[in-house]
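Morning, everyone. Let me put the structure up, and then I'll walk through a few contacts.

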Amino acid sequence: MNKEDNIGIFLCECGGKISSRIDLPKVCEFLRYSPWGHLEIYPHPCLAPGLEAMKKEIQAKGLDRILIGGCSSRVMKKRFTTALASVGIERHQVEMINLKDHVATVHEGAPQELARKAAALISGGLASLKLLEPYEPVSLSFEGPALIVGGGVSGFAAARELARKGMESILFAKALTPEKVMDGLHHTFPGCRLFCGDLGELFREVFTNPLVKVVPDQPVEYIIGGVGDYHVGLKQADGSVTEVEGAAIIVALDREFSPADVTTIGGMDRVCTLQDLEERLVEGDIQAGKVVFWVNSPQHGRAAQEFAAVAAWRDSLLMVRENPQVKPTVLYPANVTLPLTGADLVEARAHGIGLQSYIPEVHPVVQSGFMSFVSPADRLEHEVEWDTLVVPGVPEDPAVKAQELLRWLPIYPENGGSLKKSHIKFWPDQLPDESLFFTGSAGGICDLNEVLQQGKKAARGVLSLREKARQGRLVSPVVVHVDKELCEGCGLCTEICPCGGIEHVKPGSGPVPRETDNHLCSGGGTCAATCPYEAIKVLNNTAQQLEARVKAISAQMQEHEILGFVCGWGGLSSAEQAAVKGLKYPSGIYLIPVNCLGSIDPSILSMAFLNGVKGIMLAGCTPTHSCHYHYGVDHCWYRINAMKKLLALAGLERRRIAVGYVEVNEPESFVRMVESHLDALENLPPLPKDDRTMAKLWAIHATMHRPRVRWVLGTSLRRPTEKEFPGSQFNAVDADETMLDVLKEEYTVSRIFKALTTQPLSPPELARTLDEPVKNLTPILTDMAKDGRIITKGWEKGYPIYAMGKG
Amino acid sequence: MITFTIDGKEVQGQEDWTVLDVAKWHGIDIPTLCYHPAVEPYGACRLCVVEVDDGRRSRVVISCMYPIREGIKVLTDTPRINNVRRWIVQLLLDESPASPKMQELATKFGVTPSRFKKAGVDFACHLCGLCVRACHEVVGAQALTFGNRGLRKEITSPFHTGSKECLSCGTCLYVCPTGAMEQLFDKVGA
């Protein structure tokens, strides 16, 4: 894909919506010196006749990259890629420039003037397409058993489903006989045991099936590898580690309940928790008399309350069946709907089980032998008599228990104590098949039946992967490539990656190059932009491509115009929404959509300034809660912060770069943002073009490429939820000053390099050239000379003359 | 190749193409509302009506879903068609008088809000289903759906509760022709 004349450009008139606002023939004229193989204006490339015409051109001229200047790529790209797939054009080979929403509808300029802007954006797209690399997906094998870790009950359902379909599995379980599993079940699913059909049969089948290997749950030392080839290291009692290999991992994790503190309510003999009650039931120790189940603790959430209410109902049913002398009552808060069917209620009535709700605003009061509550029916306080009072257990935080798994897999704790597979939210077709399976009530409190269903579903997912692999269709789109030569194995990418796409390495294996699991990778690019050694490449979306785009666009921008980076979610959506709503903003901003602001390499920002861009605006999602790439927007914040510091060091204005946060549904805010930044920069002169400033900008750019700076940027992420600062800094000012020190030093190093490339210089001469006091330079120069980055070429008037070192 | 005429102009097309596809390609403007090239046609708004004469009789059909046939005569701008379209615009305008897209159509057809106007509604949803279709076909999620039936039919998230499927990508906002989605958007996501 290196031949430039294989790019086809198709411009859309959009039935006059674009052609009436942008002079399209003029755009073609502007583009006449750019490299392309075909350029044509269609009234509607997206309609059937347009697609047909496009296909003909692609086949006739052998085009392999397509640029469409029309409307939103979010909405229309799928249409083009599905239609053009028959002539061998794939998703990444299509580039769309949104002329309609970024130029035609939102600006009021003359069509000729807008044609210039449109042409600039298109040439940016061309520059990016030019650097597109061929793209080979990798076929994966899927051999070996499925590893079911975590010790949850859903694992049994998964193992049975797998065994029935002839797939081996290794199940790590806490209890090693069916009876023991049953006995321990009430710790995770109180009240469920006897109401889940063939549960005993399920366990027996799993334990006897030769395809399932049930082994005791052992602490996980590490989980490495990716889909089709996982390695799990298990720590043995003697401290050694054994490794188990498997094709897939199913994480079955349940939320346990710990005993509630009943001592504040009453003595242990009369007041107990659901779990205790079940143990008493097992022992056949059922007291006759009135048993009241009090569903309390709203702090654990409604799901937990519903779960407790159902568990209470089940336990009471169990009790009355065995001993009709028992009179149970379930007292539940009125804001919880009991998930019981009509038949359940009939059964409850037949057995004399009371189901009574209380209004949650008035806390029920426990007395000796009585309990008062306010009924929602008449708002009167009623009393219920009890001999035994039962309260639900406290749901434990699964994150604490599953620490060892969470360290290795992309599963994260959520607010509210449950675990979630990943924070990131994508279009389903952005990711290949699901390859990491997470089941069990740790993902959200639910019923045993539901959990078993989840296990079965996970097993089906694994089976479909195996089926795909058998047909040779299990392919990973290689999204991220790590250059083994450049990678130093620092592991920053693994820490930062939100999707689990960068594989872990064994603990203690030292700095080894990273591998990627492209089945999990979302192509967000935060890792690539963070890598200190620039070893990671997001294929088809490389930093080089973005750099080329910025260069091409800025070459055609006028002096007063600025660049705008918009993230693919909040930023881009609100920008396009502004067009849909008919809002207008000045045409002095050139929008470049990126996946996430976090995927913008720091050197891109400095590159833009080096190319003479007057200012930059970035628009992303509101930090953390709506960022689709976890902390992407926070990563970007730090890069902008560094850029501002460097601009200030170079004597330029910090306000040339600004970031804004906007939600998907806020086009007005976006427009205000653009206007405000353009206003702020209006009276600012363009960047001076003299040699001195250019040398400074060059040094800033070089600084952004320096591993030390990138390392500091990567490790000192500002996460709004965090109160701790990296390293030995203990407050915000401290952390910022450390960063400034590093930037200052590396900036000076870059400037010295720049000065020495032209001629060897002595420290006083350098000081004159750089306009810095000699005493600031001497320690840095001594350091640089020591590690050979510069060499002493000779001596003059007692001063060494430095020149560039080798390499 | 299928040859037929639109407004007397001889045009050609392939099987499976619709009248609207060919007309737009040849620069003949047919107003549409519930049509979007990104999704399959649906035929909800009926604004794209044209008169089709197949040699036996002349009928008013929706062009977005009418497959082209050999020898048919399509008329896009007749008094009969304009009358139908004006009534459709009239009724839709009364539902969402503040929507820019509807205002544009109203000026084009010389229609003003009438006695049918719903009181206090500026951006009513026309139930054209573009958001539902885009969410399903373009995004691949199913965070939006039609709820209820008849007069109470509405756009909602499945089971009327916040949908975990919603990616808050804003595709539904982008395709919504009336701006009704803006009010709905925050209720859809979980």
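I'll take the domains of chain B, then the interface, then one helix pair.

A reminder before we start: this is a predicted model.

Chain B first. The domain assignment splits chain B into domain 1 at 2–77, domain 2 at 89–122 and domain 3 at 130–188. Look at domain 1 and domain 3 of chain B. Their centres, over C-alpha atoms, are 28 Å apart. Domain 1 of chain B puts 7 residues into the contact, and domain 3 of chain B also puts in 7 residues. What is the domain 1 side of chain B made of, where it touches domain 3 of chain B? There we have 5 nonpolar residues, 1 polar and 1 charged.

Next, the two chains together. On the chain B side, 28 residues are in contact, and they meet 30 residues of chain A. Which helices of chain B supply at least two residues each to that side? Four to note: α1 (19–25), α4 (130–139), α5 (171–175) and α6 (180–188). By class, the side of chain B that touches chain A holds 16 nonpolar, 8 polar and 4 charged residues.

Last stop, chain A. Helix α18 (residues 570–580) of chain A packs with helix α21 (residues 667–682) of chain A at about 100 degrees, and the axes are 8 Å apart. So α18(A) is roughly perpendicular to α21(A). From α18(A), the contact uses S574(A), A575(A), Q577(A) and A578(A). From α21(A) come P667(A), S669(A), F670(A) and V671(A). The class count for this helix contact is 5 nonpolar, 3 polar and no charged residues.

That's the tour. Over to you.

Key
Residues are numbered from 1 along each chain as its sequence is written. Chains are lettered from A and ligands numbered from 1 in the order in which they are written. This is a predicted model: local features need pLDDT of at least 70, side-chain atom pairs count only at pLDDT 80 or more; totals for chains, interfaces and linings use all residues. Domain bounds come from an automatic or database domain assignment. Two residues are in contact if their C-beta atoms, placed from the backbone, lie within 7 Å. Ala, Val, Leu, Ile, Met, Phe, Trp, Tyr, Cys and Pro count as nonpolar, Asp, Glu, Lys and Arg as charged, and the others, Gly among them, as polar. Axes are lines fitted to C-alpha atoms, for helices over the stretch in contact, and angles run from 0 to 180 degrees between N-to-C directions. Angles under 35 degrees count as roughly parallel, over 145 as roughly antiparallel, 65 to 115 as roughly perpendicular and the rest as oblique.
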